[in-house]
Amino acid sequence: MRKLSILTVLSASLLIVACKSKKVIVDATKEESRITLDNRVLVNGILDNQLSFNTFSAKAKSAVAINKDNYDATLNIKIKNQEAIWISITTVFGIEAARVLITPTRFRMMNRINGTYIDEPFAFLHQFASEEITYGNLQAMMVGNMIDQALTYSNEAKKGDLGYLLSGFKNDLNFLVRTDDNFRVTHCSLSTYNQERQVNTDYSDFALIGKHPVPKDIRLTANSSAVKLELQLKYNRIALNEAVEMPFTIPSKYKPLSGIR
């Protein structure tokens with residue numbers, strides 16, 4: 001149960017740092033948009049760097065520190081755009097420890113080692129993050145795109161010495177995003193309004209995939225009253241628009257994990 005709890009925290013923590021991938025030109029005349037017309041060049045520069053795909057598949061080495069515990073694992077990641085995220089988590093011994101399937105409506109995870117599972121509505125993940133976070137946010141985080149909230153709800157956008165900065169808030173979600181001079185997202189800081197949950201993510205080692213930059217190194221730190229987490233993902237294989245399968249069947253003998261709320 002302890003290992004599945006760790007994997008749950010890991011998956012949920014990935015959710016908090018999401019960056020949305022949908023490419024939409026911002027209409028500054030709409031009331032809900034807080035980006036001004038003066039910032040259109042910045043916004044369009046960022047949008048031009050967003051990775052678009054039908055499917056995304058990758059393998060990543062991960063190093064995780066949760067409170068005082070440290071873990072190494074390999075993640076096999078498959079994404080169908082706006083439909084599903086599938087992750088297989090393998091231990092250093094080559095044994096699949098867990099499998100995750102996330103859709104816009106559900107979060108599912110099964111622990112191969114303990115024979116337990118989670119099958120909950122997507123909103124289950126909001127206990128780890130702001131209710132403003134969506135499936136689209138999580139999907140885009142996996143490929144290093146800009147957060148949707150920063151493109152449409154920024155109160156401040158400016159040029160700095162190392163690139164550009166967007167900051168603002170939407171309901172209980174505060175955000176600050178930095179890009180380099182080439183409009184590639186290099187840092188994302190998210191927190192709830194009361195500062196109870198904070199996440200910082202840094203992106204580096206960019207590679208051109210489908211003519212768009214994708215970070216191969218993602219480093220995350222998350223802090224809350226319940227957990228302190230540090231995560232590094234290093235992609236060593238990325239492929240776009242290949243046929244992908246997402247097998248996920250919970251064996252009948254597996255038991256639902258209790259005490260997860």
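Two residues are in contact when heavy atoms of theirs lie within 4.5 Å. Keep that cut-off in mind while reading this predicted model. Start with Y235. Leaving out residues up to four places away in sequence, Y235 touches F56, A58, K59, A60, I77, M142, P215, K216 and I218. Find each of them in the structure.

Y235 belongs to the largest nonpolar core, which has 61 residues. Within this core, F56, M146 and Y235 touch the most other members. Strand β13, residues 228–240, supplies the largest share of the core, with 6 residues. Another core lies apart from this one. That other core has 9 residues, among them L101, M110, M246 and Y254.

Now step back to the whole chain. The chain has 261 residues, and 54% of them are buried. Its secondary structure comprises 4 helices and 14 strands. How much of the contact network joins residues at least 24 apart in sequence? The share is 52%, counted among contacts between residues at least 6 apart. The accessible surface comes to about 12500 Å². Carbon and sulfur atoms account for 49% of that surface.

Next, look at one helix. Helix α2 spans residues 40–48. Which of its residues are buried? They are L42, V43, G45, I46 and L47. A general point about helices helps here. An α-helix has 3.6 residues a turn, so residues three or four places apart point the same way. What do the buried residues of α2 pack against? Their partners are helix α4 (148–152) and the strands β7 (154–160), β8 (163–170) and β9 (173–179).

Move on to a strand. Strand β11 covers residues 198–209, and Q198 lies in it. Is Q198 buried or exposed, or in between? Q198 counts as partly exposed because its relative accessibility is 32%, and this class runs from 20% to 50%. Setting aside neighbours within four places in sequence, Q198 contacts L190, S191, T221, A222 and N223. Compare its position with that of K228. The two residues are 30 apart along the chain, and their C-alpha atoms are separated by 9.8 Å.

Finish on the surface. V92 sits in the loop between β3 (84–91) and β4 (96–102). V92 counts as exposed because its relative accessible area is 59%, and the exposed class starts over 50%. Together with F93 and I95, V92 forms a nonpolar patch on the surface. The accessible area of these residues together is about 380 Å².

Methods. Residues numbered from 1 in each chain as written. Predicted model: local features only at pLDDT ≥ 70, side-chain atom pairs only at ≥ 80, totals over all residues. Heavy atoms only, no water. Core = buried A, V, L, I, M, F, W, Y, C linked by side-chain atoms within 4.5 Å. Buried < 20%, exposed > 50% of the residue type's maximum accessible area, 1.4 Å probe, protein only. Helix = DSSP H or I, 4+ residues; strand = E, 2+ residues; numbered from the N terminus. Patch = residues over 30% accessible without salt bridge, like charges linked within 9 Å, V, L, I, M, F, W, Y side chains within 5 Å. Areas by Shrake-Rupley, 256 points an atom, 1.4 Å probe, with all protein chains shown as cover. Salt bridge = Lys/Arg side-chain N within 4 Å of Asp/Glu carboxyl O.
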